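Please work through the following exercises with the sequence and the coordinates open beside you. Each one sets a task and then gives a solution in steps.

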Amino acid sequence: DELIKMADIVQVINGEGQFEQDSVQQFVAANELAHCKTNYQVVAIMGPQSSGKSTLLNHVFGTSFTMMDALAGRGQTTKGIWLSKSPKVTDTTVLVMDLEGSDGRERGEDDTNFERQSALFALAVADVLLVNIWCHDVGRELASGKPLLKTIFQVNLKLFAPEPDRKRSVLLFVIRDKTKTPLPKLVEVLQADLERMWEGIAKPAAYQESKLTDFFEVQYAALSHFEERYEDFVADSVHLRRRFSPEADDSLVRGDEKLPGDSFALSIRNIWEVIRAQKDLNLPAHKVMVANVRCAEIAEDQLRAFEADQAWRALREAAAEGIVEGFGARASSLADSCIRGYEAEALYFDPSVRSSKLSELQVRLHALLQPPYQQQVAAQQAAVLAAFERDVKLALVEAIAGGPGDGKGGSGGEGAGGAAKGFMAAAAVCRERAVAAFTAAFGKHLRIEVAPWDGSAELAALCEALDAHLTRVRGEHMSQAVTRVEKQLGALLSGPVMGLLEVCAPGMWGRLHGVCREAATAAERNLMQALEGFDLSGSESESLSERLRARARSSMEGHVREAALTRLSRMKDRFQEVFSLDENRAPRMWGPRDDIPAIAQQARVAAASVLSQLAVMRPPPEEGRQGQADLVEAAVMQLARTSPAPASTSTSHQHDSADSDRCSSSASASTAAGWSSASIAATPGGMPVDMLSAAAWPGVEESCVLLHPHDVRTTWREFLSYSNVLVQQAQSAQQSNRLASNRMPPLWAIGMMLVLGWNEAMMLIFNPIYLLLGALGFLFLRSLYTELDVEREMSSGALPGAISLANKFAPACREVVRKPTAAFQDFFQSLTGRDQERRAAAYVQHAEGQSQHTPLHTPEGLTRRPVTDAPDSASRELTDLRRQEGKKDL
């Protein structure tokens, strides 16, 4: 085990600074470095004592360097310089060098020569130098090891004279126990310190213009806390180990020039001898170290006293509650007393250290002052912003009202005129007043003399908030104005557009686009008046105008698309209007001379015009793209002109079933021929459109299509079915009117009736009973024929008429029987009424005669009604009887 351990770990330089030649040779032989040639890497680590260097190497490279036992106390663990081979990195041979920690109490405060020598040795030998640094030491001067790095950088240039950009060692700063501070922020601090350190060292003449990156490649890594977050620390160590593989994306392995492995021991021995002979590394540091410790203690004492000061606590609590008058002066006084106390106590220490610690004290004081300072700034900004919002609101109200302003937010002396006139000018005045108010408040209450805050950043933030509020108010008002104008635009468009769509006459689209232009122009004029004084830019005005035009087009297109959905009902209405009304807008009576097929064709063409207007949307005339829309319109109109007419119904109702079948077959054949002739319509542009098979309109954009060709075909077929029914009804009415005007039977029918009905006529003449029964039967049939209204029922067709007559037959018979019965009853009642009238007249005459002789008092002396009342009663009865008789006569 001891031999294995000796082969794994070897001490290169002992605690007295002696190079262990034999041990190093055995290590080289045991690890067969001669076979590696130049395929090996040397990794060294430097850093403060007891900072976890050995622990880091063991977890990253799998070595077994002695680690500090925390339970046994903190002290020196590694003495001298030790070397081992990494068992966990197998892609290449990695030699790991563990250095004695710097700033150790065992060597004392003045014995710093060895730590500089060992650090310079590691810098010269190692391909990758790990600089172990605690996260909380980043930004510090001594604790971060910057003086040591500065010294070895300077001596390295002097002793070894490296060539720039030839062999660059990797400086890997390993930040231990990382906190919430992001790694990029820590890297910024370290980079700034390295650049300042490189600029501050004394360089030979050949390196005056050189940079740190000419000799070193600086990399960074961060590890979690070893004790508090051990699992994360192990994961970070594994990630760092992967960077020592040649295939890693962020590999630290470099193919720079180096000596073969069999010369490794000789090379590092020579380097150490050169470093041991260098006297520049032995620099005194006792005074500086004492000044660092004591000044740090004084600064801590002053900070604790400042935090415990009752005046500071009261000021901090008051700042959290609201605006504090004179906050900056009071905070400056407290901070200045703290700084004066530090300067008084640290007066006799090293000036550079004293100044450095004073800067740290000021930074920490600023950190204590910043929270209440930010609270006061926020409170002042909120107060100024609230006043600005009130002023802007008042300016907006006054400007919209158009009244004279009072200098606070209005437009001055501008009178009534457009809405919001001069608002932006008034808002600019409000903004200037707000900025002036905050500037005055900052100088009076917020400025802290000992702090670097001059208020420029705070004022910029306030200006940004003011501009944001002003932009929001302006945008809200513009949005409200646009919304109002868009509603007005909808009202302006709806009436004219719907009126044009009710007719769908040829040339409708040009008038629709004209309505859109007029409505958009009126809306734009109203909007510009509403936004006058809001300093609209040219692009904003154009954008709003384009939005209104687009809204007008969209609203119009929406109405048109709704109309296209109700195309069939609109076609029916148009057909009814042309077909059923004459030139005087009166209903047609369908006389014998009316040409129903021609009128029907004219009505169909009018209905097809509706369909053609609703098939596709036409672009505005100024765009010059009317050709394709005209092509569609021509195709639809050609379809209407070549559609077949319905079969004529001029035959009488006595056609038999065979004749009806022949008529139906003829109509079907004519329909097929008509569709065939209209299947390919020649358009004015010369491009044929196959209306039976076309799936799309040629050359028409899909967004402009309202009805596809198959929609047009389906709609037209449905319309033809509807129009054919109306035409057939009109022809039936015309036939009925023709028959009504010529009711006499033909002469041959009269002759046949005379010949065939001679015997029956003689029988009726010589037999009065038959004659009476025949007359009654004729009257009954005549009344039944009139009651059933046979002609009107049969005009709708033979089968529907027969069904309707069958349903009405029984009620009609009852009605025909009831009428004679009621007539006879009225006749008898009239006779009875005349008799009652005669009696009433006699009664009146008798009453008039008695009224001249009869006294007004009865023999018993009682008062009676005058007899003159009787004639009035009789007159009323007579009048009622006459009225009843008049009704009977009627």
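**Exercise 1. Decide whether aspartate 193 is buried or exposed, and then describe its salt bridge.**

Before starting, keep in mind that the model is a predicted one.

Step 1. Aspartate 193 has a relative accessible area of 9%, and since a residue counts as buried under 20%, aspartate 193 is buried.

Step 2. The partner of aspartate 193 in a salt bridge is arginine 196, and the closest N and O atoms of the pair are 2.5 Å apart, which is within the 4 Å that a salt bridge requires.

Step 3. Arginine 196 has a relative accessibility of 51% and therefore counts as exposed, because the class of exposed residues begins over 50%.

Step 4. Both residues belong to helix 7, which covers residues 183-200, and they are 3 residues apart, about one turn of the helix.

Step 5. Helix 7 also holds glutamate 188, which at 49% relative accessibility counts as partly exposed. The C-alpha atoms of glutamate 188 and glycine 139 are 9.8 Å apart in space, while the two residues are 49 apart in sequence.

**Exercise 2. Find the salt-bridge partners of glutamate 297 and of arginine 304, and state how each pair is spaced along its helix.**

Step 1. Glutamate 297 forms a salt bridge with arginine 294, with 3.1 Å between the closest N and O atoms.

Step 2. These two residues are separated by about one helical turn, because they stand 3 residues apart in helix 10 (residues 286-308).

Step 3. Glutamate 297, at 38% relative accessibility, counts as partly exposed, and arginine 294, at 30%, is partly exposed as well.

Step 4. Arginine 304 meets aspartate 301 in a salt bridge of 2.2 Å, N to O, and this pair also lies in helix 10 with a spacing of 3 residues, about one turn.

Step 5. The relative accessibility of arginine 304 is 47%, so arginine 304 counts as partly exposed, and aspartate 301, with 34%, is partly exposed too.

Step 6. To set these pairs in context, the count for the model comes to 19 salt bridges, and a network of salt bridges links Glu542, Glu546, Arg549 and Arg553.

**Exercise 3. Which side chain of opposite charge is nearest to aspartate 98, and how far away is it?**

Step 1. Aspartate 98 is located in strand 4, residues 93-99, and it is buried.

Step 2. The nearest side chain of opposite charge is that of lysine 53, 5.4 Å away, and aspartate 98 has no salt bridge. A salt bridge calls for a nitrogen of Lys or Arg within 4 Å of a carboxyl oxygen, so the stated distance does not qualify.

Step 3. The side chain of aspartate 98 does make a polar contact, at 2.5 Å, with the side chain of serine 54.

**Exercise 4. Describe the largest nonpolar core, and then the nonpolar patch on the surface.**

Step 1. The largest nonpolar core contains 64 residues, and Phe579 and Trp716 have the most contacts inside it.

Step 2. At least two residues of this core come from each of several helices, including helix 15 (456-503), helix 17 (538-565) and helix 22 (709-740). Helix 16 gives the most, with 10 residues.

Step 3. A second, separate core has 58 residues, among them Val10, Ala44, Leu149 and Phe215.

Step 4. In soluble globular proteins, nonpolar side chains tend to be buried together. On the surface, however, Met763, Ile769, Tyr770, Leu772, Leu773, Leu776, Phe778 and Leu779 form a nonpolar patch with about 850 Å² of accessible area together.

Step 5. Helix 25 (residues 768-788) provides the largest share of the patch, 7 residues. Tyrosine 770 lies in helix 25 and is partly exposed, with a relative accessible area of 38%.

**Exercise 5. Where are glutamate 32 and cysteine 504 placed, and what is the phi of each?**

Step 1. Glutamate 32 is in the loop between helix 2 (21-30) and helix 3 (33-36), and its phi is near 55°, a positive value in a residue other than glycine.

Step 2. Cysteine 504 sits in the loop between helix 15 and helix 16, and it has a positive phi of about 55° although it is not a glycine.

Step 3. Glutamate 32, at 47% relative accessibility, counts as partly exposed, whereas cysteine 504, at 2%, counts as buried.

How values were computed:
Residues numbered from 1 in each chain as written. Predicted model: local features only at pLDDT ≥ 70, side-chain atom pairs only at ≥ 80, totals over all residues. Heavy atoms only, no water. Patch = residues over 30% accessible without salt bridge, like charges linked within 9 Å, V, L, I, M, F, W, Y side chains within 5 Å. Areas by Shrake-Rupley, 256 points an atom, 1.4 Å probe, with all protein chains shown as cover. Helix = DSSP H or I, 4+ residues; strand = E, 2+ residues; numbered from the N terminus. Buried < 20%, exposed > 50% of the residue type's maximum accessible area, 1.4 Å probe, protein only. Core = buried A, V, L, I, M, F, W, Y, C linked by side-chain atoms within 4.5 Å. Lys, Arg positive; Asp, Glu negative; His and termini not counted. Polar contact = N/O pair within 3.5 Å; in protein donor to acceptor, adjacent residues only side chain to side chain.
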